[in-house]
Amino acid sequence: MDRNEWSLAKEVAGNAARKAGELAKERFGSKLTTLHKDERGDLVTEVDVEADRLIVETIMAVFPTHRIYSEEAGEGGVESDWVWHVDPLDGTNNFALGIPLYGVSISLSYQGRIVVGVVYDSVMGLNYVAVKGEGAWQEETRLEAKPQGVLTKSTLSWIQGHAVGKDDRKALALRHHLEHSVKRVLRMWAPSLTWAMLARGDLHGIVLYNSEGEDLYAGLLLAREAGVKVTDFYGQPVSWLEDSTQDAEGSSQQGGAAAAAKGNELEKGVYLVAAVPAYHEELLKIVQAGI
């Protein structure tokens, strides 16, 4: 595991994210060809496709032996311990509706652990970068999540996956419980930027319900490196962030077994609670009470 590879990856991802973000900003507000990806109504525009191609080509030109998964192009490259995840336009619905809240998410994993994460705020022109064990940064400023105040008077964010339907009673009940437990529950529909807010300390926590994909991994590392504690709904660690994937997966399996014993089915998806240690236990209890 070569940290020089991480350093080069950080530079390549940062440059690719900035170029893709600038492309999106240039096209923002213009006439777009918008298509529905599937029956759920997820959108894709030609900007998604162009930005995706730009990023994938940039990465593969430097790392031809790496695996890559991108939001629009899908799976590519060769079998490798090194795996990239790319969301070229996180917040496509916002972008298509003329809401200036969208960005780029790029991450690199090594043997199942996230080692580099880049989030680019396309509207503000801000680059967020995290390297495992080396901290999280907003441009030249190191991030330390230090929210203040009482959790029940704070703002949390809710992130849910595209597969979560309107009739998902568990999701509805939990979100309703959160909204009655804290001052405000924010839904931005741009997950990577939400994780950046948590890393900055602007949010007290994130509750993620049945959501995983290219827009998740970079933000997770960013938050973790800024001092945020991330667990599943049962307080178990997340394998993608742990030093020992095997140990973390074992803990997660124990958590899943405990959940099954309680008659819960939530372990089938990705369900996360994220907050700095000072608030994590309290937020976790609120979530557990809501499920």
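In this predicted model, Trp189 is partly exposed, its relative accessible area being 46%. Trp189 belongs to the loop that connects strand S12 with helix H5 (191–200). The backbone of Trp189 has a phi near 60°, a positive value in a residue other than glycine. A positive phi is also found at Glu139, where the angle is about 55° although the residue is not a glycine. Glu139 is placed in the loop between strands S9 and S10, and with a relative accessibility of 32% it counts as partly exposed.

The protein chain as a whole contains 8 helices and 15 strands. Of its 291 residues, 53% are buried. When contacts between residues at least 6 apart in sequence are considered, 65% of them join residues at least 24 apart.

An open sheet is formed by 8 strands, arranged in the order S4-S3-S5-S6-S7-S8-S9-S10 with mixed pairing. The edges are occupied by strand S4 (74–77) and strand S10 (141–142); each has a single partner strand, so one side of each is left without a neighbour in the sheet. Within this sheet, strand S8 (residues 126–131) pairs with strand S9 (residues 135–138) in the antiparallel sense, over 4 bridges. In this pairing, Tyr128 is located opposite Gln138 of S9.

Two helices lie across strands of the sheet. Helix H2 (residues 46–62) crosses strand S3 (67–70), S4, strand S5 (82–90) and strand S6 (103–110), and runs at about 155° to S5. Helix H6 (residues 217–225) lies across S5, S6, strand S7 (113–121), S8 and S9, running at about 100° to S7.

Helix H1 (residues 3–27) includes Val12. This residue is buried, with a relative accessible area of 8%. Apart from residues up to four places away in sequence, Val12 touches Thr58, Ile59, Val62 and Phe63. The C-alpha atom of Val12 is also separated by 9.3 Å from that of Ile55, a residue 43 positions away along the chain.

Strand S11 (155–160) is mostly covered, 6 of its 6 residues being buried. The cover extends to both faces: Thr155, Ser157 and Ile159 are buried on one side, and Leu156, Trp158 and Gln160 are buried on the other. S11 and S12 run parallel and are joined by 3 bridges, with Thr155 standing opposite Arg184 in S12.

Ile159, a residue of strand S11, has a relative accessible area of 6% and is therefore buried, the threshold being under 20%. Leaving aside neighbours within four places in sequence, the contacts of Ile159 are with Pro191, Thr194, Trp195, Ile206, Val207, Leu208, Tyr209 and Ser211. One of these partners, Leu208, is 49 residues away from Ile159 in sequence, yet the two C-alpha atoms are 4.7 Å apart in space.

Helix H4 (residues 169–181) comprises 13 residues, which at 1.5 Å a residue should span 18 Å; the C-alpha atoms at its ends are 18 Å apart, in agreement with that expectation. The buried residues of H4 are Ala171, Leu174, Arg175, Leu178 and Ser181. Viewed down the axis of H4, the buried residues fall within an arc of 125°, so they line one face of the helix. Arg169 and His180, on the other side of H4, are exposed. The buried residues of H4 are covered by elements including strand S11 (155–160), strand S12 (184–186), strand S13 (205–209) and helix H8 (277–290). At the start of H4, the backbone nitrogen of Lys170 is approached to within 3.1 Å by a side-chain oxygen of Asp168.

Strand S11 thus appears in two settings: it is joined in parallel to S12, and it contributes to the cover over the buried residues of H4.

Terms used: Residues are numbered from 1 along each chain as its sequence is written. This is a predicted model: local features need pLDDT of at least 70, side-chain atom pairs count only at pLDDT 80 or more; totals for chains, interfaces and linings use all residues. Side-chain values use heavy atoms; hydrogens and water are left out. Two strands pair if DSSP finds at least two bridges between them. Contact means heavy atoms within 4.5 Å. Axes are lines fitted to C-alpha atoms, for helices over the stretch in contact, and angles run from 0 to 180 degrees between N-to-C directions. Buried means under 20% relative accessible area, exposed over 50%, partly exposed in between (1.4 Å probe, protein chains only). The expected span of a helix is 1.5 Å times one less than its number of residues. The arc is that of the directions from the helix axis to the C-beta atoms. A polar contact is a pair of N or O atoms within 3.5 Å; within protein, one must be able to donate a hydrogen and the other to accept it, and residues adjacent in sequence count only if both atoms are side-chain atoms.
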